[in-house]
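Colleague: I am new to this structure and would love a close look at its aromatic rings. Could you walk me through them?

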Amino acid sequence: MACLLEAPLRISVLSEVTATSRHYVDRLFDPDPQKVLQGVIDMKNAVIGNNKQKANLIVLGAVPRLLYLLQQSSSSLELRTECAVVLGSLAMGTENNIKSLVDCHIIPALLQGLLCPDLIFIEACLRCLRTVFISPVTPVQLLYTDPTVIPHLMSLLSRSQRTQEYITQIFSHCCKTPEHQTVLFNHGAIQNIAPLLTSPSYKVRMQALKCFSVLAYENTQVSMTLVNVLVDGELLSQVFVRMMQRDQPIEMQLTAAKCLTYMCRAGAIRTDDSCVVLKTLPCLVRMCSKEHLLEERVEGAETLAYLMEPDVELQRIASTTDHLVAMLADYFKYPSSVSAITDIKRLDHDLKHAHELRQAAFKLYASLGSNDEDIRKKITETENMMDRIVSGLSESSIKVRLAAVRCLHSLSRSVQQLRTSFHDHAVWKPLMKLLQNAPDEVLVMASSTLCNLLLEFSPSKEPILESGVIELLCTLTQSDSPALRVNGIWALMNMAFQADQKVKVEIVRCLGTEQLFRLLSDPDSNVLMKTLGLLRNLLSTRPHIDQIMSSHGKQILQAVTLILEAEHSVEVKEQTLCILANIADGNTAKEILMTNDDMLQKIKYYMGHSNVKLQLAATFCISNLIWNEEDVQAVVSSDCSPKGSQERQDKLREMGFVDILHKLTQASDPNLCDRAKTAMQQYLA
């Protein structure tokens with residue numbers, strides 16, 4: 001019988017809760033304004049800390065009525081203020097609550113409320129707006145829809161400490177794009193917020209500081225302005241330095257360090273400035289120690305990685321500060337079985353977020369090891385480091401996988417590591433697995449790492465080749481992402497370098513001539529350069545040159561013609577002329593060039609070009625065409641006979657090449673001069 005009673009009992013309880021909630025909503029419609037006010041006050045007391053009650057009231061339609069009362073000029077100020085307070089309390093519930101409030105157009109109603117002169121009401125509206133805007137489900141663009149809102153918020157900053165705290169918090173949460181930064185900057189955010197850094201209220205100082213960190217992030221205009229700002233006669237950068245002192249709260253130290261980091265990365269502060277080297281960097285290293293909370297260690301490591309990413313000197317300083325490389329190894333052991341965490345809630349939180357520590361450690365290791373060989377060695381010799389990276393490549397968290405592959409990519413720039421650690425741990429296997437199915441962001445970094453593993457001196461090159469990687473790389477060259485196309489063709493270029501003919505034939509077969517020539521007209525210059533590099537590596541060693549030119553010579557020369565005739569950079573044209581020089585070094589292939597007068601005229605044009613690099617590359621072509629094979633090797637075919645070279649020399653003399661070579665022997669560039677003299681000697685031989 002108990003089972004039969006259970007369901008009705010639950011319905012009864014639910015009905016009771018809903019009936020109570022309905023009572024609160026019904027009172028909002030009472031014709032007596034005083035009873036409405038008391039009803040709102042009672043509702044306020046009922047919802048504090050009660051998410052179920054909040055959800056019930058929202059479902060029963062309390063929000064539209066509260067917003068109506070808030071916007072009615074006939075409502076008393078006290079009623080309007082209490083409505084704003086209740087709405088703020090409802091917003092402190094779940095994300096679904098926030099979505100319901102936003103759907104009811106709470107933001108425009110509250111922004112309209114800010115036009116009221118009453119400070120208490122303004123503060124209640126701002127408090128509610130702050131709660132709504134700090135939620136991740138609120139579209140921040142709603143703050144920028146009406147162009148009069150930002151200037152009005154700036155004008156309210158001077159009203160009270162509360163308005164300062166709420167408005168700066170709204171700004172710091174709603175500044176997500178360069179466009180948002182520009183809007184805030186143009187409406188005087190810097191001059192209006194800078195004085196708040198000396199406010200007697202810690203909350204105001206902290207929110208102002210957070211504002212500057214989001215405004216300065218990757219923004220040169222803001223950062224260059226900040227560096228000249230004075231606060232009570234003191235440079236803003238020095239105010240930030242004071243906020244990083246050890247006696248300040250950790251949150252303040254970290255945020256001030258972020259401000260200086262972003263200003264430095266934007267070029268407003270030099271990387272060798274004492275405020276960076278002696279203050280910001282040590283502060284961030286300090287944040288990585290295990291005495292700090294998980295989120296502080298994550299933020300400290302990620303900010304430090306960003307600070308020193310482009311600067312080798314900062315990387316060297318950081319690597320020797322407070323045993324940082326060893327300290328980061330602790331990030332992989334957290335929380336340990338002997339963890340000092342006694343707070344069960346905190347332990348539960350940290351267990352759920354421990355992957356963020358691993359992600360941050362990989363990012364910082366990647367940044368530390370991006371340039372210096374000794375640092376890379378120190379990283380790989382850290383306990384179980386390569387095993388940790390290999391494990392990281394297959395973690396469930398996509399962010400950890402990305403950070404791990406970044407770290408691997410950074411270390412893969414080392415010839416020594418490619419030959420030792422990478423080979424010993426067979427890192428190519430998990431990397432290949434990662435390339436099979438991953439988002440573009442991970443694919444870009446993984447394929448970039450693969451490019452390094454396919455370099456000639458890498459022991460991983462052979463097993464990777466045997467794993468059937470060519471097809472995968474050819475697929476990457478068809479991607480919509482220019483970065484993936486570059487990496488796919490770059491890896492193929494590295495693979496083709498000094499490769500067996502079998503490998504080269506497989507590359508050409510798998511890529512297909514259509515795709516190869518499509519890549520030669522790619523709008524991305526990096527893709528074009530790497531494709532030319534691939535073609536140059538395919539057309540190396542005489543039997544390979546002759547074999548490829550016999551089957552694809554016509555299309556190759558067509559593509560070369562298009563590149564030499566189009567508007568391309570010197571680098572692209574130089575690489576193209578080097579391909580022609582390789583073709584001219586073939587046995588039968590050079591005859592294909594010799595019968596193409598249009599191409600010979602193009603080579604002649606570039607021998608007289610104003611750019612020395614292009615002159616040199618074109619002169620190489622002619623040097624190879626006129627070369628007398630008898631001087632250097634046994635005759636291997638009728639085309640390489642002295643008679644063949646004599647005929648080529650005669651034709652090129654008739655076309656005026658000898659006169660140009662003679663002029664180039666007087667060139668001011670020593671390399672060009674020597675190359676021209678070497679070519680001329682063939683005529684005298």
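How many aromatic pairs does the structure hold?

Modeller: Happy to help! Please keep in mind that this is a predicted model. The structure holds six aromatic pairs. One of them joins Tyr217 and Tyr306, whose ring centres are 5.7 Å apart with 40° between the planes. That angle makes the pair tilted, because the label edge-to-face is kept for planes over 60 degrees apart and stacked for those under 30. The two partners come from distant parts of the chain, 89 residues apart. Tyr217 lies in the loop between helix 13 (202-216) and helix 14 (220-226), while Tyr306 belongs to helix 18 (residues 294-308). Tyr217 has 37% relative accessibility, so this residue counts as partly exposed. Tyr306, with a relative accessible area of 16%, is buried.

Another pair is made by Tyr605 and Tyr606. Here the centres are 4.9 Å apart and the planes meet at 75°, which is an edge-to-face arrangement. Tyr605 counts as exposed because its relative accessibility is 52%. Tyr606 is buried, since its relative accessible area is 3%.

Now back to Tyr306, which forms one aromatic cluster with Tyr217 and Tyr262. A charge joins the picture too: the charged end of Arg265 sits over the ring of Tyr306, 4.2 Å from its centre. A lysine does likewise elsewhere, as the charged end of Lys530 sits over the ring of Trp490, 4.3 Å from the ring's centre.

Definitions and conventions:
Residues are numbered from 1 along each chain as its sequence is written. This is a predicted model: local features need pLDDT of at least 70, side-chain atom pairs count only at pLDDT 80 or more; totals for chains, interfaces and linings use all residues. Side-chain values use heavy atoms; hydrogens and water are left out. Rings of Phe, Tyr and Trp (its six-membered ring) pair if their centres lie within 6.5 Å; planes under 30 degrees apart count as stacked, over 60 as edge-to-face and the rest as tilted. Helices (H or I, at least four residues) and strands (E, at least two) are DSSP runs, numbered from the N terminus. Buried means under 20% relative accessible area, exposed over 50%, partly exposed in between (1.4 Å probe, protein chains only). A charge sits over a ring if NZ of Lys or CZ of Arg is within 6 Å of the ring centre and within 35 degrees of the ring normal.
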